There are 2 protein chains.
Amino acid sequence: MKPLKFEVLKETNDSGARLGKITLSCGTYNTPIFMPVGTKGDVKCLTNEEVHKVSNGLILANTYHLFLSPGMDLLNKVGGLKNYSKWDGAYLTDSGGFQVFSLSKTRKIEEEGVYFRHYKNGSKLFMSPEISIHMQNAIGSDIMMSFDECPPFNSSYEYMKASCERTIRWAKRGKEANLNPDHQALFGIVQGGPYEDLRQYCIDELSKLDFDGYSIGGLAVGEAQEDRIKTLNFLRDHMPKDKPRYLMGVGTPDDILYGIENGVDMFDCVEPTRIARHGVAMTSNGRVLIKNKEFEYDFGPLDPECDCEICKTYSRSYIRHLFREDEMLSLRMLSYHNLYFLKKLTDDAREAIKNDRFQEFKKEFLLKYYKRSE
Amino acid sequence: MKPLKFEVLKETNDSGARLGKITLSCGTYNTPIFMPVGTKGDVKCLTNEEVHKVSNGLILANTYHLFLSPGMDLLNKVGGLKNYSKWDGAYLTDSGGFQVFSLSKTRKIEEEGVYFRHYKNGSKLFMSPEISIHMQNAIGSDIMMSFDECPPFNSSYEYMKASCERTIRWAKRGKEANLNPDHQALFGIVQGGPYEDLRQYCIDELSKLDFDGYSIGGLAVGEAQEDRIKTLNFLRDHMPKDKPRYLMGVGTPDDILYGIENGVDMFDCVEPTRIARHGVAMTSNGRVLIKNKEFEYDFGPLDPECDCEICKTYSRSYIRHLFREDEMLSLRMLSYHNLYFLKKLTDDAREAIKNDRFQEFKKEFLLKYYKRSE
């Protein structure tokens, strides 16, 4: 029995954009899909009920953070994160690799795994492909990620090659360690930075292991957008077409559209909730920095074209007042709205693909949001 | 036309506890009632929809804070705080006096009013009885407070006497300044600290002005609980019986019960939402400090006897995890639960009065919550 079924419902002629459907034991999810990030089980500021309204029901949780707290033992005892957080949609988990490798000063990579220190209390910790998968088994996520190394985009070819080889060995070890292969899908992660032959090598080797889907790693880590697009463009024609493709950590509206254009099916990013906490709203006409003086007497909604609960009820002026006065409610409002905005962006993108007008939709959006004509 | 109608529905024989009904143009409110504090228009962390679920529909907003932001001009332009915050229940406003007098180092009291400095930017500001009422007119609150001086409880008799006289002069000036007497009720505030003759003097003088209700000021400002109860006990028999009585800034469950016992009809306090932000839940069996290690594996609800949305869904262990990880969602959960707890306390108190068992109810509650037998 396969824990994940993927169907490509439609392909487009003028780009790599495609419609798909992911079927998990807990539900069906149309792609392209944007997944809000619920780092510690919850999407910041929002209840499960709200997350349902601003997502398509599939969210991401971070294995690294949940490994530190509440920990594997507790999640095993409570029967998984869904029992704990009461989220009744689906969870995808990352492997923890990205966070562990971000701790560049306090971690040591060995073939067996990675030694690192707790970012709060400094205690020594160890993460291996097996531990990562067992932690994801404890979480009980519907879609798991292989434990990979995520080197900087500008690493040397030699380093990147050795790293890709290790990532593949680790992917194999992780797949063998999966305690729940019938119910928890597992993706392999394609690394290789800007080197196309290494990307191809990863794809070939991971494909032999027959994962349920393939993630694009090592992008959205600080590289230039044109480098990112170049890599996506290569991957469009070289990744397996019959499996979902997940671009990790993306992102901004334009990167999502470039991803869709290049055949990506799944996205996640902290961007919408993180910028919300800095007072930024995403709107049809671009970003709005709500604390700006110009909104003091602006009694219109955050986004006149948005039909979310916040835009239907509250004014820019009121949200500005709450934000300037450090009222947490404003962060809720902005987080809710921004996630709704990205949900709508991907909903609209699917609709555009369906109607054979994705490229037109993309152009219109970029012009309106970024005042950018390609 | 009177903006507020008050009916005493039932009095008790064995205490001052009474049932009442306040009718405002926007609705009817049963007393005793607890009013959550929405300092800047919103109750911290919660949406209007949630506030409706955890209150009886009447909340407090702070004139001082709204005077600083968004300010009188904006509130006049937008047509009042309800139009701004979209709260469709009722607002009671304080006069700003308490906050202004708390700024003891930067304010100067004169007969005309009080000069003080903006607590953030240091700019010079002025508040008088007239400005306070005009600001409350701009807010459009259903129940307004007279601008009073709130001296420390331990002030000398001479100071307190002079202050009471000024408070009465100011109450009169405020009443005359009310721009909207047909739709916005106005309460007089009884000061006098521990001095019963001064309390009586205030009551007599304010009664001549025929306010819509009377507030008890100068309590819950740091005095001992026995002093507070002694004063309440005196006021029970001396305040007008045909008008609502509002004990400002109270409070904790026990102080609410002592207030009800002494004929108080209305309460407000930041306590439930403030302690929530410090991780404290009010429960049938007393306070719970959610970050405590003992709750790590406690998969039961915050309060096993509570039927609020939080207790019906989430566990102590999960809320503890979120709180320890600085997730704002935990503050929402605790704020929601604590307000629901105080709503239920006053709902239950009304029911007990109705059934002639208020004293019994009070004793049971205090024993269970505080392990205190009087």
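A:P32 sits in the loop between β3 (27-31) and β4 (33-36) of chain A. That makes a handy place to start, since the peptide bond leading from A:T31 into A:P32 is cis, with omega near 0°. Keep in mind throughout that this is a predicted model.

**Odd spots in the backbone of chain A**

There is another cis bond to look up: this one joins A:S69 and A:P70, and its omega is about 10°. You will find A:P70 in the loop between α2 (63-68) and α3 of chain A.

Next, try the phi angles. A:D210 is not a glycine, yet its phi is positive, at about 55°. The residue lies in the loop between α8 (196-208) and β12 (213-216) of chain A. Is A:D210 buried or exposed? A count of 12 or fewer C-beta atoms within 10 Å makes a residue exposed, and A:D210 has 10 others in that range, so it is exposed.

A:K371 is a residue other than glycine with a positive phi, here near 55°. Look for A:K371 in the segment after α15 (358-370) of chain A. It counts as exposed because it has 9 C-beta neighbours inside 10 Å.

Here are these two residues side by side.

| Residue | Phi | C-beta atoms within 10 Å |
|---|---|---|
| A:D210 | about 55° | 10 |
| A:K371 | near 55° | 9 |

For a contrast, go to A:G249, in the loop between β13 (245-247) and α10 (253-261) of chain A. A residue is buried if 20 or more other C-beta atoms lie within 10 Å of its own; A:G249 has 22 such neighbours, so it counts as buried. Which residues does A:G249 touch, leaving out those up to four places away in sequence? They are A:A220, A:D268 and A:C269. The C-alpha atom of A:G249 is also 6.8 Å from that of A:F267, though the two residues are 18 residues apart along the chain.

**A helix with two sides: α8 of chain B**

Now switch to chain B and find helix α8, residues 196-208. At 1.5 Å a residue, its 13 residues should span 18 Å, and the end C-alpha atoms are 19 Å apart, which agrees.

Which residues of α8(B) are buried? They are B:L198, B:R199, B:C202 and B:L206. If you look down the axis of α8(B), the buried residues fall within an arc of 105°, so they line one face of the helix. That buried set packs against α7 (157-177), β11 (185-190), β12 (213-216) and α9 (225-238) of chain B. Turn to the face pointing away from the buried side, and you meet the exposed residues B:D197, B:D204 and B:K208. Just after α8(B) comes B:D210, with a positive phi of about 55°.

**Strands in chain B**

Strand β5 (residues 58-61) of chain B pairs with β6(B) in the parallel sense, over 4 bridges. One partnership to look for is B:L58 with B:A90 of β6(B). In a regular strand the side chains alternate between the two faces of the sheet. You can see this in strand β6 (residues 90-93) of chain B: B:A90 and B:L92 point one way, B:Y91 and B:T93 the other way, and all are buried.

Elsewhere in chain B, 3 strands form an open antiparallel sheet in the order β7-β8-β9. The edge strands are β7 (108-109) and β9 (124-127) of chain B, since each pairs on one side only. Strand β8 (residues 114-117) of chain B is joined to β7(B) by 2 bridges, and B:K108 stands opposite B:Y115 in β8(B).

**How the two chains meet**

Finally, zoom out to both chains. A turn of 180°, with a shift of 0.0 Å along the axis, lays chain A on chain B with an RMSD of 0.0 Å. The two copies are therefore related as by a two-fold rotation axis. In chain A, the C-alpha nearest that axis belongs to A:M328, 4.0 Å away. Both copies use the same surface: 100% of the contact residues of chain A recur in chain B.

How many residues does each chain bring to the contact? Chain A gives 26 residues and chain B gives 26 residues. On the side of chain A that touches chain B, the elements giving two or more residues are α3 (72-78), α4 (81-85), α13 (316-324) and α14 (328-354) of chain A. The largest share, 4 residues, comes from α13(A). Sorted by class, this side of chain A has 14 nonpolar, 4 polar and 8 charged residues.

Methods: Residues numbered from 1 in each chain as written. Chains lettered and ligands numbered in written order. Predicted model: local features only at pLDDT ≥ 70, side-chain atom pairs only at ≥ 80, totals over all residues. Least-squares fit on C-alpha atoms with pLDDT ≥ 70 in both. Contact = placed C-beta atoms within 7 Å. Expected span 1.5 Å × (residues − 1). Arc of directions from axis to C-beta. Nonpolar A, V, L, I, M, F, W, Y, C, P; charged D, E, K, R; others polar. Pairing = 2+ DSSP bridges.
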